[in-house]
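Hi there,

Here is the structure we talked about passing on to you. Have a look at it first, and then read on for what turned up.

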Amino acid sequence: MLSPQDFRRLRDSLADPEKQKLDDIFKKQLNVQRDIIDQNILRDREHLRLVNFCIRPFQYNETLYVETGYLFIRVEPFFGSATKNFDVLIFNQSSKVMLLVECKSSVSDAEREVRELVQCSEAADSRSRHLEELVGDAINIKETVICTNAAYASRIKSCITANDLPICLWSADQTSGILLLEKQGQDVNAEISRGRLHHDGKLTRLLLDGVRSEGIRSLTFLPSSHPCTILEETITLLGLSLESSNRDRFRLPDLTSLLNRESSLSNFGDQELWNLAQHLLNVGVEVQIFTDLTPTVDDLGRKEFSISTRPGGLARMAREVRKKYTDFHARRIAEENSVTEFQKIVSRMYKKLEEYSQKVRS
Amino acid sequence: MLLKSPDSFLDLKAIFLLTSFKTWGGEEPYALQGMLHHHGFQIRPLGELKELLTTYQEPETGRQIPVKYVAYLDGDKQILTCYTLATADQIRRTIEPLSGLIGIYHLWINPLAFDQIKNTILSEHPYTKIPDLSADRHPSTDVAAKLRPEYRRSMRYRGDDGRETLEELRHYYGVLPSSIHFRIPGLVDFRLNNRGIFSYLGGSPEYMFEYADRAVELVLQVRKILEQSKLEIIDIVTERKRLRVSHVVPFAISFKRTLDIANTELLIDELERNEFAIYNSAVMQGSVYFDGTVLDEVKKSVFTISTDEHRMIVLPRYRTSFDSFLRFYEAIAESFDPEAKCVATI
């Protein structure tokens with residue numbers, strides 16, 4: 001990986017016309033990389049909106065929980081492990097049926113998405129004990145669900161039926177506020193045994209009719225969300241918490257206990273929270289959102305950090321996260337890419353020069 | 001008891017403040033008494049009432065000017081009423097800043113409720129005159145104006161034809177009333193402003209207090225909706241584990257105007273101008289979805305919003321209280337959509 005110093009050294013070694021050329025490439029690359037990061041963040045937020053829309057009827061005291069007992073328990077049940085994750089875990093305590101839901105806010109390659117989901121589902125089968133530990137209960141049946149925005153439902157449906165896959169398909173019409181179970185075949189019993197309708201008759205009936213949902217933002221991030229999103233959300237709460245206790249420095253356990261109160265991370269274990277906090281700290285220190293105040297201390301639990309923003313209050317802090325993150329990563333990738341591109345141009349130029357001189361010689 | 005001889009209380013003002021307090025409490029900083037003390041009020045008991053004495057520095061002379069209030073806390077309704085003969089400027093400098101504290105907010109009467117009170121008075125007493133009124137226009141609102149709608153306006157009108165003028169001003173200049181002086185012949189003279197300050201100007205004061213009660217009731221209806229919203233953690237016990245799940249109850253602000261991409265940006269600007277920082281937000285074009293997290297920089301609370309073209313769903317996240325939500329609703333109604341309504345979602 002190219003360091004900022006490498007980039008500067010290379011730039012300083014160039015003559016003015018080459019330097020200008022490198023600067024032009026870098027500027028163009030910087031804008032491209034900024035756009036890419038912005039697009040990634042936006043895509044991530046569209047995904048989050050779909051997840052929120054999907055879980056709403058399964059939340060405590062909401063329609064499907066009240067009518068059927070299916071309750072939203074947590075997000076990303078395999079967070080921190082190598083197993084490919086689902087977005088949502090829903091569990092019925094009486095029937096011991098678990099729904100593992102994957103949300104797709106947009107679909108470019110339906111075949112691939114569905115194939116990957118089948119792999120996730122198989123991996124989940126091999127980790128049943130982990131799932132039982134998460135809910136603290138036995139699991140009789142696991143059902144796999146893909147939830148997608150209504151516009152993509154028919155493409156996913158074709159793939160599931162064409163490959164005869166055991167996947168229930170929920171279609172989210174966020175404009176009219178309806179979450180719907182797609183009927184993929186006429187024979188209800190056959191569809192249940194194929195895993196394309198829910199075993200619970202009432203859940204199936206209600207979802208086939210369509211259940212009202214609102215896109216309320218009860219989850220503000222997922223653990224796998226873009227780091228910028230998680231940092232924006234946590235840094236404000238961290239700032240408020242430090243302000244109210246008249247402190248300006250914090251430790252990893254402070255961040256962990258803040259995450260522990262975070263409703264987006266309900267039913268996450270201590271180790272998971274610790275890992276996530278550590279990840280956030282690493283990202284934050286790397287992009288200089290956090291400052292390591294004790295660089296000589298190795299014990300992560302005892303290290304102290306501060307939020308490194310210019311004065312101007314918490315609002316500025318939240319805004320700066322996005323800017324610092326984007327600037328840091330866009331610059332890093334832009335430097336690498338512009339050096340590669342510059343070297344290509346230079347080598348092409350030398351090749352032509354060499355060809356020309358060979359011609360002259362011959 | 002305050003009003004045994006009404007004439008001696010001419011220009012008495014009753015300032016209504018919504019609070020989260022049911023009692024005065026002690027000197028602790030989180031109790032009402034302690035909080036007021038901390039903000040420069042000396043408090044002396046007067047039976048059920050309290051005398052609040054404070055000072056402010058007069059900018060012209062640098063002198064400390066004393067200002068006195070007599071306050072009553074209605075613990076059931078959680079309303080603190082402060083009575084005073086102080087001037088509007090003195091009130092602005094001493095008691096109004098309390099609205100910036102956590103757990104206290106002025107009795108803001110939203111434009112629809114303000115209109116309702118005005119219409120009630122005018123219909124119950126058809127001969128009512130409006131000799132004096134103030135009205136404002138925020139160009140970012142969609143209130144129609146025949147003349148130069150792009151201008152921010154603040155008007156004060158004095159004249160016996162104020163009742164008619166109010167309608168004309170609205171029609172031509174797109175202004176909405178923020179303060180109205182009602183003269184109900186043979187009954188009472190009083191001024192009402194939309195920040196919950198009633199000024200007694202003559203006649204039988206009980207009539208003014210009757211309308212004050214009605215205004216309070218309208219605001220309490222809104223407060224009830226705001227206070228129903230919550231984010232609480234519920235324990236669910238399974239065979240081997242205690243799971244913690246969220247119970248979320250949002251409230252909604254329904255818009256009269258349709259939200260599109262252009263005015264969503266305008267709304268964001270207006271909210272930021274009112275010290276609500278919006279972050280982690282996304283405006284999704286096509287079907288106009290706007291999501292985000294909001295930091296109330298004044299009340300130090302955090303909540304989330306999720307908007308489609310007709311309404312905004314608001315959900316508590318961190319240290320939210322009715323006063324932060326009311327401030328948020330006020331920012332939307334005053335600077336974006338005066339006919340926005342606060343509605344329960346349950």
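**Where chain B meets chain A**

Between chain B and chain A, about 3,900 Å² is buried, with carbon and sulfur atoms accounting for 52% of it. Please keep in mind that this is a predicted model. The contact draws on 48 residues of chain A and 44 residues of chain B.

You may like the charged pairs here: seven salt bridges are counted between chain B and chain A. One example to look up in your viewer is Arg317(B) with Glu262(A), whose side chains form a salt bridge at 2.7 Å, N to O. Polar contacts are there too, with 27 residue pairs found across the interface of chain B and chain A (both at pLDDT 80 or more).

Which strand gives the most to the side of chain B that touches chain A? That is β15(B), with seven residues. Several strands of chain B supply at least two residues each to this side, among them β12 (230-237), β13 (242-249), β15 (276-284) and β18 (311-318). Sorted by class, the side of chain B that touches chain A holds 21 nonpolar, twelve polar and eleven charged residues.

**Inside chain A**

There is also a contact between two domains within chain A. The domain assignment splits chain A into domain 1 (1-48 + 219-362) and domain 2 (60-212). Nine residues of domain 2 of chain A and 13 residues of domain 1 of chain A take part in the contact. Their C-alpha centres are 35 Å apart.

About 1,100 Å² is buried between domain 1 of chain A and domain 2 of chain A, and 57% of that comes from carbon and sulfur atoms. On the domain 1 side, the residues that lose the most area to domain 2 of chain A are His47(A), Asn267(A) and Glu272(A), which together make up 41% of what that side buries.

Glu272(A) comes up again in a salt bridge: its side chain meets that of Arg74(A) at 2.9 Å, N to O. The rule finds one salt bridge across this domain interface, along with six residue pairs in polar contact (both at pLDDT 80 or more).

As for the elements involved, α2 (16-55) and α11 (270-286) of chain A each supply at least two residues of the domain 1 side that touches domain 2 of chain A. The largest share, three residues, comes from α2(A). By class, that side divides into five nonpolar, five polar and three charged residues.

Best wishes, and happy viewing!

Methods: Residues numbered from 1 in each chain as written. Chains lettered and ligands numbered in written order. Predicted model: local features only at pLDDT ≥ 70, side-chain atom pairs only at ≥ 80, totals over all residues. Heavy atoms only, no water. Domains from an automatic or database assignment. Contact = heavy atoms within 4.5 Å. Buried area = accessible area lost by both parts, 1.4 Å probe. Salt bridge = Lys/Arg side-chain N within 4 Å of Asp/Glu carboxyl O. Polar contact = N/O pair within 3.5 Å; in protein donor to acceptor, adjacent residues only side chain to side chain. Helix = DSSP H or I, 4+ residues; strand = E, 2+ residues; numbered from the N terminus. Nonpolar A, V, L, I, M, F, W, Y, C, P; charged D, E, K, R; others polar.
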